[in-house]
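Hi,

Here is the structure I said I would pass on. Have a look at it first, and my notes on what turned up are underneath.

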Amino acid sequence: MILAACGDAAPTSPEPDEGGAIQLEVRFHLLQSSVLDALDVTLTDAEVGELVQSLNEIWAQAGVVWQIEQIVREPALNPDVFREVLNDRTGSRTSLVAAVLPDENLRPDIWNVFLVRDFGGVVGGVYLPSRVVVSAELDPEGNRDLSGGTARILAHELGHSLGLGHVPCTAAGNLMAAGCPRGTRTLLEPGQIQIARQQAKKGHPF
Ligand SMILES: [Zn+2]
């Protein structure tokens, strides 16, 4: 009878981590616009709940649980700047998106996610370091897929907020791989999970 074999043991981590679930609060800011559809989010509160459920299915592998603190709807600022972002197909002007975000309802002590309706395939989403995640109701293929592409992009941007950078495209499909051919990319490696949990325990974005 073989009870254990060399190489079967789980890798041990030098960092003490009790491994329990880490709950992180998120305030969702749903942008509204009467002049630019790409800034006019149509999600209901229930649909935001669906999106977060899918998000949590992806992040469960790291023991990170995202919780909706509040959902606020607020008018987007400077729609012309967002047109500029959409018109630059290189994606090099995406940091300009900051000009679109109202800051009066920001909660600086927790996570803030701003949702636009559509990034027009220029990018999936944007992380503005130490500040906010900006993601979209429509995924880069233009689908409103709350349990698929829409949730995966948001999960990826939140990965940046937990200190994770991009990794190469592989067949296994890492959550933090960007610009890969189509396919599901939701996996995190043990090293990435360790980094993300360390940031999550600090209780604020990277
Ligand atoms: Zn990214």
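**Helix α3 and what surrounds it**

The buried residues of α3 are G149, T150, A151, R152, I153, L154, A155, H156, E157, L158, G159 and S161. Before you read too much into any of this, note that the model is predicted. That list makes 12 of the 13 residues in the helix, so α3 counts as mostly covered. The helix runs from 149 to 161, and its first and last C-alpha atoms are 19 Å apart, close to the 18 Å expected at 1.5 Å a residue.

What does the covering? The buried residues of α3 pack against two other helices, α1 (45–59) and α4 (190–202), and against the strands β3 (111–116), β4 (126–128) and β5 (132–136). As for how the helix sits on the sheet, α3 lies across β3, β4 and β5, at about 165° to β5. After the helix comes G163, with a positive phi near 90°.

**The sheet**

Now for the strands. There are 5 of them in an open sheet, ordered β2-β1-β3-β5-β4, with mixed pairing. The edges are taken by β2 and β4, which have a single partner strand each, so one side of each has no neighbour in the sheet. From one strand to the next the twist averages 25°.

Going through the pairs:

- β1 and β2 run parallel and are joined by 11 bridges; I22 has V64 in β2 as its bridge partner.
- β3 and β5 are parallel too, over 4 bridges, with F114 opposite V134 in β5.
- β4 and β5 are antiparallel, over 3 bridges, and here V126 stands opposite V134.

The hairpin of β4 and β5 has 3 residues between its strands, and S130 there takes a positive phi near 60°.

β5 deserves a look of its own, as 5 of its 5 residues are buried. V132, V134 and A136 point one way and V133 and S135 the other, yet all are buried. The background is familiar: in a regular strand the side chains alternate between the two faces of the sheet.

**The other two helices**

α1 first. Its 15 residues should span 21 Å at 1.5 Å a residue, and the end C-alpha atoms are indeed 21 Å apart. Buried in α1 are V48, L51, V52, L55, I58 and W59. Why do they count as one face? Looking down the helix axis, they fall within an arc of 110°, so they line one face of α1. The usual helix geometry is behind this sort of pattern: with 3.6 residues a turn, residues three or four places apart point the same way. The buried residues of α1 pack against β1 (22–32), β2 (64–75) and α3.

E50 is also in α1, but E50 is partly exposed, with 15 other C-beta atoms within 10 Å. Which residues does E50 touch, leaving out those up to four places away in sequence? They are L146 and S147. The C-alpha atoms of E50 and S147 are separated by 7.3 Å, although the two residues are 97 apart along the chain.

Then α4, where 13 residues should span 18 Å and the end C-alpha atoms are 19 Å apart, which agrees. Its buried residues are Q192, A196 and A200. Down the axis of α4 these fall within an arc of 65°, so they too line one face of the helix. On the face turned away from that buried side are the exposed residues P190, G191, K201 and K202. The cover over the buried residues of α4 includes β1, β2 and α3. α4 lies across β1 and β2, running at about 80° to β1. G203 follows the helix, with a positive phi near 80°.

**The core**

Last, the nonpolar core. The largest one has 52 residues, and those with the most contacts inside it are L55, V113, L115 and V116. L55 is among the buried residues of α1 listed above. What is V116 in contact with, leaving aside its neighbours within four places in sequence? The partners are L31, A38, L39, V41, V134 and A136. Both V134 and A136 are in β5, pointing the same way as V132. That fits the general tendency in soluble globular proteins for nonpolar side chains to be buried together.

Shout if anything here is unclear.

Cheers

Note on methods:
Residues are numbered from 1 along each chain as its sequence is written. This is a predicted model: local features need pLDDT of at least 70, side-chain atom pairs count only at pLDDT 80 or more; totals for chains, interfaces and linings use all residues. The expected span of a helix is 1.5 Å times one less than its number of residues. A residue is buried if 20 or more other C-beta atoms lie within 10 Å of its own, exposed if 12 or fewer, and partly exposed in between; C-beta atoms are placed from the backbone. Two residues are in contact if their C-beta atoms, placed from the backbone, lie within 7 Å. The arc is that of the directions from the helix axis to the C-beta atoms. Two strands pair if DSSP finds at least two bridges between them. Axes are lines fitted to C-alpha atoms, for helices over the stretch in contact, and angles run from 0 to 180 degrees between N-to-C directions. A nonpolar core is a set of buried Ala, Val, Leu, Ile, Met, Phe, Trp, Tyr and Cys residues joined through C-beta atoms within 7 Å.
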